[in-house]
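Colleague: Please take a close look at one part of this structure, for a reader who has not met it before. A connected account of the aromatic residues and their surroundings would be most welcome.

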Amino acid sequence: MSDVRYPEIEVVLLGENGNAFAILGAVNRALRQYGIEPDECEEFLKEAKSADYDNLLRVVMSWVTVI
């Protein structure tokens, strides 16, 4: 069993160069394109922005599959 909330959603972060805003945008876009409800997308953004960059990466990897 996976600890990733949406393992079927794959997001490529190569080339984002550590830009937190680009990472947030890529994951949020992928969630919306997959049909995830807006409230849940907002939950992702709130959780991802709640602390530092390391937290952002942990949250992203707990929501989607990063490739």
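**Aromatic residues and their surroundings**

Modeller: Tyr6 is a suitable starting point: with a relative accessible area of 13%, Tyr6 is buried, where buried means under 20% relative accessible area, exposed over 50% and partly exposed in between, for a 1.4 Å probe and protein chains only. The model is predicted, so that local features need pLDDT of at least 70 and side-chain atom pairs count only at pLDDT 80 or more, while totals for chains, interfaces and linings use all residues. Residues are numbered from 1 along each chain as its sequence is written, and side-chain values use heavy atoms, with hydrogens and water left out.

Two aromatic pairs are found when the whole structure is searched. A pair requires the ring centres of Phe, Tyr or Trp (its six-membered ring) to lie within 6.5 Å; planes under 30 degrees apart count as stacked, over 60 as edge-to-face and the rest as tilted. Tyr6 and Trp63 have ring centres 6.2 Å apart and planes at 45 degrees, so this pair is tilted. Because Tyr6 belongs to strand β1 (residues 6-11) and Trp63 to helix α3 (residues 53-63), the pair ties together parts that are 57 residues apart in sequence. Helices (H or I, at least four residues) and strands (E, at least two) are DSSP runs, numbered from the N terminus.

Trp63 is buried as well, at 1% relative accessibility. Trp63 also pairs with Phe44, in an edge-to-face arrangement with 5.5 Å from centre to centre and 65 degrees between the planes. Since Phe44 lies in helix α2 (residues 38-48) and Trp63 in helix α3, this pair ties together parts that are 19 residues apart in sequence. Phe44 has a relative accessible area of 0% and is therefore buried. Tyr6, Phe44 and Trp63 form one aromatic cluster. Arg5 lies over the face of Trp63, 3.8 Å from the ring centre; this term requires CZ of Arg, or NZ of Lys, within 6 Å of the ring centre and within 35 degrees of the ring normal.

The helices that carry Phe44 and Trp63 can be considered next. Two packed helices are described by the angle between their axes and the distance between the axes. The axes of α2 and α3 come within 8 Å and cross at roughly 150 degrees; axes are lines fitted to C-alpha atoms, for helices over the stretch in contact, with angles from 0 to 180 degrees between N-to-C directions. The two helices are therefore roughly antiparallel, a label for angles over 145 degrees, whereas under 35 counts as roughly parallel, 65 to 115 as roughly perpendicular and the rest as oblique. Among the residues making the contact are Glu43, Phe44 and Glu47 of α2 and Asn55, Val59 and Trp63 of α3, contact meaning heavy atoms within 4.5 Å.

Asn55, in helix α3, is buried with a relative accessible area of 14%. Apart from neighbours within four places in sequence, Asn55 is in contact with Glu47, Ala48 and Ser50. Phe44 has a further partner in Asn28, which lies in helix α1 (residues 20-33). Leaving aside neighbours within four places in sequence, Asn28 is in contact with Cys41, Phe44 and Leu45, and Asn28 is buried at 14% relative accessible area.
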